[in-house]
Amino acid sequence: MNFRIRHFVKADTAAFADLNRRWIEQYFDLEDSDRAQLSDPQCAIIDQGGVIGIAEDSTSVIGCGALVLPHHDPDDGLRWIELIKLATDPAAQGKGVGGRLIDWLCADAAARGYDAVWLETNASLSSATRLYERKGFRPLSSAELWPTPYARCNLQMVRNLTN
């Protein structure tokens with residue numbers, strides 16, 4: 001599949017929201033933080049120091065993902081950033097879009113001096129969990145868990161960017 005990944009522009013707001021609403025509403029309920037990030041990603045993500053990657057083919061947006069400053073600071077001396085809102089259009093799933101978005105976002109994080117990436121997901125999303133593991137994320141043990149603002153998240157994973 002031929003596609004490219006680029007930075008978010010304001011015109012991507014609807015596609016970013018639609019891709020993420022689709023998977024969230026398919027499995028869970030939209031939460032307040034989802035609504036804020038999806039209604040105005042420029043304000044809620046980019047203006048707060050985050051970044052959004054957009055995957056597009058020749059005709060449309062087929063995937064997206066974002067990095068935000070984490071809502072929890074583990075105070076461990078590392079600079080952390082959080083991976084959120086990774087979504088791929090159903091017609092493009094299984095074609096490397098999500099993996100390339102993760103690579104692009106992690107490269108961006110490393111270039112901006114972050115040491116590690118943290119994410120929250122749900123163990124029932126087995127395809128996503130396997131993708132994260134292939135991309136170098138490891139699940140946190142119960143002793144390492146961070147507080148979460150999401151009701152749907154029961155699995156937290158981290159990837160070190162400095163090794």
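Biologist: Through how many residues does a hairpin join strand 2 to strand 3?

Modeller: In this predicted model, strand 2 and strand 3 (residues 61–68) run antiparallel and are joined by six bridges. One of the pairings sets valine 51 against leucine 67 in strand 3. The hairpin that joins strand 2 to strand 3 passes through four residues.

Biologist: Which residue of strand 2 is the bridge partner of isoleucine 5?

Modeller: Strands of a sheet pair through backbone hydrogen bonds, either parallel or antiparallel. For strand 1 and strand 2 the sense is antiparallel, and the pairing extends over four bridges. Within strand 2, the partner of isoleucine 5 is alanine 55.

Biologist: In what order do the seven strands of the open sheet stand?

Modeller: The pairing in this open sheet is mixed, and the order of its seven strands is 1-2-3-4-5-7-6. Strand 1 and strand 6 (138–139) are the edge strands, since each pairs on one side only. Elsewhere in the sheet, strand 3 pairs with strand 4 (residues 80–88) in the antiparallel sense over five bridges, and there glycine 63 stands opposite threonine 88. Helix 1 packs on the sheet, where it touches strand 2, strand 3 and strand 4, and the angle between its direction and that of strand 4 is about 85 degrees. The order asked for is therefore 1-2-3-4-5-7-6.Biologist: Are the residues on the two faces of strand 2 buried or exposed?

Modeller: On one side of strand 2 stand Val51, Gly53 and Ala55, and on the other Ile52, Ile54 and Glu56. Glutamate 56 has a relative accessibility of 17%, which is why it counts as buried. Six of the six residues of strand 2 are covered in this way, and on both faces the residues named are buried.

Biologist: Which residue in strand 2 meets the side chain of arginine 6 in a salt bridge?

Modeller: Side chains of opposite charge can pair when their charged atoms come close. Arginine 6, in strand 1 (residues 4–7), has a partner in strand 2 (residues 51–56) that is 50 residues apart from it. The N to O distance of this salt bridge is 3.0 Å, and the partner is glutamate 56.

Biologist: Which residues are joined into one network by salt bridges that share partners?

Modeller: Besides its bridge to glutamate 56, arginine 6 meets aspartate 12 in a salt bridge with an N to O distance of 2.7 Å, and both aspartate 12 and arginine 6 are buried. Lysine 10, by contrast, is exposed, with a relative accessible area of 53%. The network formed through shared partners consists of Arg4, Arg6, Asp12 and Glu56.

Biologist: How far from aspartate 115 is the nearest side chain of opposite charge?

Modeller: Aspartate 115 sits in the loop between helix 4 (97–111) and strand 5 (116–121), where it touches residues including Gly77, Leu78 and Arg79. Its side chain reaches the backbone nitrogen of arginine 79 at 2.7 Å. Aspartate 115 is nevertheless buried without a salt bridge, and the nearest side chain of opposite charge, that of arginine 79, is at a distance of 6.1 Å.

Terms used:
Residues numbered from 1 in each chain as written. Predicted model: local features only at pLDDT ≥ 70, side-chain atom pairs only at ≥ 80, totals over all residues. Heavy atoms only, no water. Buried < 20%, exposed > 50% of the residue type's maximum accessible area, 1.4 Å probe, protein only. Lys, Arg positive; Asp, Glu negative; His and termini not counted. Salt bridge = Lys/Arg side-chain N within 4 Å of Asp/Glu carboxyl O. Polar contact = N/O pair within 3.5 Å; in protein donor to acceptor, adjacent residues only side chain to side chain. Contact = heavy atoms within 4.5 Å. Pairing = 2+ DSSP bridges. Axes fitted to C-alpha atoms, helices over the stretch in contact; angles between N-to-C directions. Lists of a residue's contacts leave out its neighbours within four places in sequence.
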